[in-house]
Protein chains: 2
Amino acid sequence: MTITEIKAADAGVAGVVGEVTRNCVMTRTRRISRVITNIYDQALRPHGVNASQFSLLVLIAKLGGASRAEIGRANYQDRSTLTRNLAPLLTEGWVEEMVSERGGRSRPVVISEAGRSLLVLAVPAWRSAQVKAQELLGEEGVAAIVGVADSIPPDELVTL
Amino acid sequence: MTITEIKAADAGVAGVVGEVTRNCVMTRTRRISRVITNIYDQALRPHGVNASQFSLLVLIAKLGGASRAEIGRANYQDRSTLTRNLAPLLTEGWVEEMVSERGGRSRPVVISEAGRSLLVLAVPAWRSAQVKAQELLGEEGVAAIVGVADSIPPDELVTL
DNA sequence: TCGATGTTGTTGCATATACAACATGAAGAG
DNA sequence: CTCTTCATGTTGTATATGCAACAACATCGA
């Protein structure tokens, strides 16, 4: 490699770094996710539940008797992730296996009485975190994030 | 618990579920993060690098000789997460330990020649994913996410 | 009825993420 | 110079995340 080529390559790298740094929405999306998740984690910690678990529990309550695969699709998560994220909720007794009416391997889950109690007890902490998050994101930011999330097509997960 | 109390509790839970479902920015932020990350993961896969790693490598290149703690702060990540996320990059040889000038336990890292090559080779895949992501997010969505991410205060991670 | 096909759940593997606790070393206070 | 304090990096633990491969079950076509 000649000096010229080395300089060209370096310029190439610098260009790449600048382009990605200036524009990458993946980097920013993940960054926002970490920061926001942290806010809710802190607020919910006293209740022994984390952000991801609280979120999943609400979804399960909303869907009411959905299978793992259905929950996964509703939440844009892999089936296997769902199976694993469900484990702590089952251990804590916030969620229960249902007697599956629908045949197949479908194994629907429902929120338990303990789960409902947790939601009611922890929702003030969620509200507090929500306020902080809204302050951090700003009005436009909140509107944009809600708008974007609520308009993701149901089958957007490439694999699944 | 009387029938009345049960109904009240149920109404309470339904209210909580509705409120969180309609408004939670944490749930949405995490959802967006999963979907967007997936897009870049797929595009970058042929190059043997994932979204998180590509992102981190660019950051390391941009910072040029930053310590783990500094990289973590720049990326709103815990120190320990940085140490661990660095491992695959070191294994692949995309990043190298520097001879630390600054004393203390500071252990700065730099991008290697192999790392620079990877960036140049993989950037077309990144661009392709970036286009897909922009289509999914929409112009406003992209603007909002960039604006939000770039305005997070440097010390926003509660713990750190 | 039987075989092909598709869905569902699980498990092995690799990585991402954070907290708590610890060891190390630097910098100041006295 | 010593003790305190602070920043840094690592490790143990727990969870989150997705892919690949597999097993189990349903359904449909021939």
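**Two chains, two DNA strands**

Okay, let's start at DNA strand D: the residues of the surface near this strand split into 2 nonpolar, 16 polar and 10 charged. Keep in mind that this is a predicted model.

So who sits there? In total, 28 residues surround DNA strand D, and the closest are A:Ser80, B:Ser67, B:Ala69, B:Ser80 and B:Thr83. As for elements giving two or more residues, chain A brings helix 3 (51–63) and helix 5, while chain B brings helix 2, helix 4 (68–75) and helix 5. Helix 5 of chain A gives the most here, with 5 residues.

Now over to DNA strand C. Around this one we have 28 residues, with A:Ser67, A:Ala69, A:Ser80, A:Thr83 and B:Ser80 the closest. Two or more residues each come from helix 2 (25–44), helix 4 (68–75) and helix 5 (79–92) of chain A, plus helix 3 (51–63) and helix 5 (79–92) of chain B. And which element gives the most to the surface near DNA strand C? That's helix 5 of chain B, with 5 residues. By class, you get 2 nonpolar, 16 polar and 10 charged residues near strand C.

Last bit, the protein–protein side. Here 57 residues of chain B are in contact with 57 residues of chain A. On the chain B side, helix 1 (3–23), helix 2 (25–44), helix 3 and helix 6 (113–149) each put in two or more residues. Helix 6 of chain B has the largest share, 18 residues. The class split on that side of chain B is 33 nonpolar, 16 polar and 8 charged.

Terms used: Residues are numbered from 1 along each chain as its sequence is written. Chains are lettered from A and ligands numbered from 1 in the order in which they are written. This is a predicted model: local features need pLDDT of at least 70, side-chain atom pairs count only at pLDDT 80 or more; totals for chains, interfaces and linings use all residues. A residue is near a molecule or strand if its C-beta atom, placed from the backbone, lies within 6 Å of it. Helices (H or I, at least four residues) and strands (E, at least two) are DSSP runs, numbered from the N terminus. Ala, Val, Leu, Ile, Met, Phe, Trp, Tyr, Cys and Pro count as nonpolar, Asp, Glu, Lys and Arg as charged, and the others, Gly among them, as polar. Two residues are in contact if their C-beta atoms, placed from the backbone, lie within 7 Å.
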